[in-house]
Number of protein chains: 2
Amino acid sequence: MSKFDVVGIGNAMVDILSRCDDANLGTLDVDKGIMQLIDMPRAVDLYARIGPAKEISGGSAANTIAVIAALGGKTAYVGKVKDDQLGHIFAHDLRAQGAVYETPLAPSDAADETGRCIVLVTPDGERSMNTYLGVTEHLGPDDINEAQIADAKIIYLEGYRFDGPESHAAFAKAIKAAKAHGAMVSLTLSDPFCVERHRDAFRQMIVDGVDVLFSNRVELLSMYETEDFEVALTQASHEVKILACTHSEHGAHILSGGERWHAPADPVEIVDATGAGDAFAGAFLWALVREYPLEVCGRMGCVAASEMISHIGARPEANLKELFKARGLL
Amino acid sequence: MSKFDVVGIGNAMVDILSRCDDANLGTLDVDKGIMQLIDMPRAVDLYARIGPAKEISGGSAANTIAVIAALGGKTAYVGKVKDDQLGHIFAHDLRAQGAVYETPLAPSDAADETGRCIVLVTPDGERSMNTYLGVTEHLGPDDINEAQIADAKIIYLEGYRFDGPESHAAFAKAIKAAKAHGAMVSLTLSDPFCVERHRDAFRQMIVDGVDVLFSNRVELLSMYETEDFEVALTQASHEVKILACTHSEHGAHILSGGERWHAPADPVEIVDATGAGDAFAGAFLWALVREYPLEVCGRMGCVAASEMISHIGARPEANLKELFKARGLL
């Protein structure tokens with residue numbers, strides 16, 4: 001029996017969430033709705049110019065793992081923080097949620113700090129992310145514990161983590177270990193600009209061995225360089241066992257083995273969109289491991305995504321199982 | 001013309017807010033509804049045993065100053081943080097709210113860290129606070145800038161800050177400067193156990209020169225060592241120009257110059273009681289400086305308190321002036 005339902009690998013970071021008007025996004029030179037990588041001087045400058053903020057642990061794959069753990073799934077996470085206050089906050093929040101987190105800390109005298117994401121939330125609930133990677137960029141093959149991967153049913157790879165020098169080697173090692181021990185490999189495309197940066201490498205990884213692909217509509221269009229959503233869905237579905245593609249308020253499309261399902265979005269007032277996709281993937285994987293029908297996996301994903309966008313921050317707050325029960329999914 | 005409406009002096013700290021069942025409070029050996037001082041080993045142990053948390057800048061007087069600044073008042077704050085990540089978060093959030101904050105940082109090689117308060121929020125919205133003071137305990141007379149005090153209409157002293165070796169001298173210096181330049185002196189009793197620890201010193205300070213006294217019912221009973229609320233109110237009102245005493249869902253009593261008013265509480269669902277008293281004092285002082293009738297000062301205080309308990313964290317989120325207008329107070 002596997003020790004872990006899912007082992008996630010990604011960028012470990014703390015979110016710095018602040019409300020911001022659309023006009024101020026322009027003043028701050030922040031592009032709306034996407035993730036931009038920034039260096040430390042820009043992080044310091046931007047932080048000095050935003051309003052009061054809240055710090056809540058984040059990181060895309062870590063958010064996904066937190067959702068699975070909150071649902072009672074057995075999880076582990078791999079991602080690098082430093083031995084500093086933000087690093088301790090990140091580690092605490094993940095372990096307190098029930099995940100195993102054993103990645104060695106970057107030492108306190110490391111040049112970089114724990115990564116952080118300055119998230120500006122506009123009145124429409126959309127989030128614009130500005131990421132200082134810090135030490136999380138230095139995750140390498142040595143941080144991948146093959147025994148842990150061997151003990152997993154599914155590994156979950158965060159596309160964002162490709163923005164680092166040793167990340168390709170780390171992912172390759174994880175995939176190899178997963179394949180050797182019969183674990184499924186899942187990947188999220190993370191962000192359209194992330195796809196731009198790594199399209200060829202992602203494509204190779206997908207063709208070589210991704211079993212479950214998560215993306216949203218814009219990412220999938222970018223991945224397959226088409227404007228036609230149906231073309232992108234069809235092409236992707238031929239390359240992976242399971243495709244789960246979210247389409248914001250239109251819900252999610254699940255394609256597998258020539259079949260197709262649509263999961264409607266769970267209506268909710270958008271407070272903060274941060275983490276919606278992460279939550280979808282978390283609930284989907286939790287359900288997939290438990291062998292729920294793929295349509296139910298997708299519907300649970302949509303419910304978890306709605307819970308996430310109903311509050312500030314990208315970690316779950318409500319009892320997700322109760323929400324599933326209330327909708328007849330459990 | 002004074003440069004500052006209010007200069008606040010208090011414990012500078014970041015709140016670590018986590019949800020907790022009542023049963024778990026006992027397991028964690030935390031007393032409900034009060035503030036307990038803890039040392040670093042206890043802070044580390046307690047933190048390791050609580051659930052996922054959010055970090056939001058706090059500190060009682062700093063919360064009060066943040067409310068006044070959010071209302072457009074001119075403010076400065078005095079309180080010590082370290083040159084570490086939590087210290088930078090605290091400083092950012094206060095300055096981003098519009099307050100002047102110039103207290104020298106404790107150096108990065110100081111033995112203690114920036115203070116923090118582990119706040120456990122039970123399902124009833126009550127908060128149980130566990131405070132590691134860290135470097136904020138070392139605030140001393142040298143940190144009091146007499147020119148800044150001289151430029152203030154009111155100084156606001158946080159009772160909690162008496163838990164430190166040089167605090168009495170710092171407060172005495174601030175009071176002396178205030179009196180020399182015609183600034184009013186306000187004090188909050190902070191917490192019933194804080195009153196227990198410092199009753200004589202508080203009493204001396206009140207009799208010697210506190211103009212505006214903030215407290216809640218339990219603190220006032222402790223201060224005057226009586227079980228009779230009316231006796232405590234009467235006695236306190238004879239010792240200060242203005243007494244503003246909150247009484248949770250029963251609102252607040254304002255006594256001054258032989259007159260008395262009652263401000264009803266603004267009904268709200270309690271999400272997190274953290275900062276309710278701080279917000280009351282902030283709105284009250286903002287209104288007092290603008291010479292609103294004392295009853296209106298009290299009513300604005302109650303509205304601000306309700307806003308604060310309607311969300312997690314002790315810093316204002318809604319537009320308080322709009323709330324005042326909606327209730328015909330502006």
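Me: Which residue in β5(A) does V6(A) stand opposite?
Reply: This is a predicted model, in which local features need pLDDT of at least 70, side-chain atom pairs count only at pLDDT 80 or more, and totals for chains, interfaces and linings use all residues. Residues are numbered from 1 along each chain as its sequence is written, while chains are lettered from A and ligands numbered from 1 in the order in which they are written. Strand β1 (residues 4–9) of chain A runs parallel to β5(A) and is joined to it by four bridges; strands (E, at least two residues) and helices (H or I, at least four) are DSSP runs numbered from the N terminus. In that pairing, the residue of β5(A) opposite V6(A) is T75(A).

Me: Which residue in β6(A) does Y77(A) stand opposite?
Reply: Two strands pair if DSSP finds at least two bridges between them. Two bridges join β5(A) to strand β6 (residues 100–101) of chain A, and the strands run parallel. The residue opposite Y77(A) is Y101(A).

Me: Which residues of strand β5 of chain A are on the other side from T75(A) and Y77(A)?
Reply: In a regular strand the side chains alternate between the two faces of the sheet. Strand β5 (residues 75–78) of chain A is covered on both faces; a residue is buried if 20 or more other C-beta atoms, placed from the backbone, lie within 10 Å of its own, exposed if 12 or fewer, and partly exposed in between. T75(A) and Y77(A) are buried on one side, and buried on the other are A76(A) and V78(A).

Me: Which are the edge strands of the nine-strand sheet in chain B?
Reply: The sheet is open, with mixed pairing, and has the order β6-β5-β1-β9-β10-β11-β12-β13-β14. Each edge strand pairs on one side only. The two in chain B are β6 (100–101) and β14 (259–263).

Me: What is the bridge partner of T188(B) in β11(B)?
Reply: Strand β10 (residues 184–188) and strand β11 (residues 212–216) of chain B run parallel and are joined by three bridges. Within β11(B), the partner of T188(B) is F214(B).

Me: What is the radius of gyration of chain A?
Reply: Chain A has twelve helices and 14 strands. The globule rule (2.2 Å times the number of residues to the power 0.38, with the radius taken over C-alpha atoms) gives 20 Å for 330 residues, and the value for chain A is close to this, so the chain is as compact as a globular protein of that length. The radius of gyration is 18 Å.

Me: Which helix gives the largest share of the largest nonpolar core?
Reply: A nonpolar core is a set of buried Ala, Val, Leu, Ile, Met, Phe, Trp, Tyr and Cys residues joined through C-beta atoms within 7 Å. The largest has 119 residues, and I155(A), A174(A) and A283(A) have the most contacts inside it. Eleven of its residues come from one helix of chain A, α10 (residues 276–289).

Me: Which element gives the most to the side of chain A that touches chain B?
Reply: Contact (C-beta atoms, placed from the backbone, within 7 Å) links 18 residues of chain A with 18 residues of chain B. β4 (54–57) and α4 (85–96) of chain A each supply at least two residues of the side that touches chain B. With six residues, the element that gives the most is α4(A).

Me: Which C-alpha of chain A is nearest the axis?
Reply: Superposed by least squares on C-alpha atoms of residues with pLDDT of at least 70 in both copies, chain A can be laid on chain B with an RMSD of 0.0 Å by a turn of 180° and a shift of 0.0 Å along the axis. That is the relation of a two-fold axis. The nearest C-alpha in chain A, 2.4 Å from the axis, is that of E55(A).

Me: Is S190(B) buried or exposed?
Reply: S190(B) lies in the loop between β10 and α7 (192–209) of chain B. Its phi is positive, about 75°, although S190(B) is not a glycine. With 28 C-beta neighbours inside 10 Å, S190(B) counts as buried.

Me: Is E291(A) buried or exposed?
Reply: E291(A) is found in the loop between α10 and α11 (294–309) of chain A. E291(A) is not a glycine, yet has a positive phi of about 60°. Having 8 other C-beta atoms within 10 Å, E291(A) is exposed.

Terms used
Contact = placed C-beta atoms within 7 Å.
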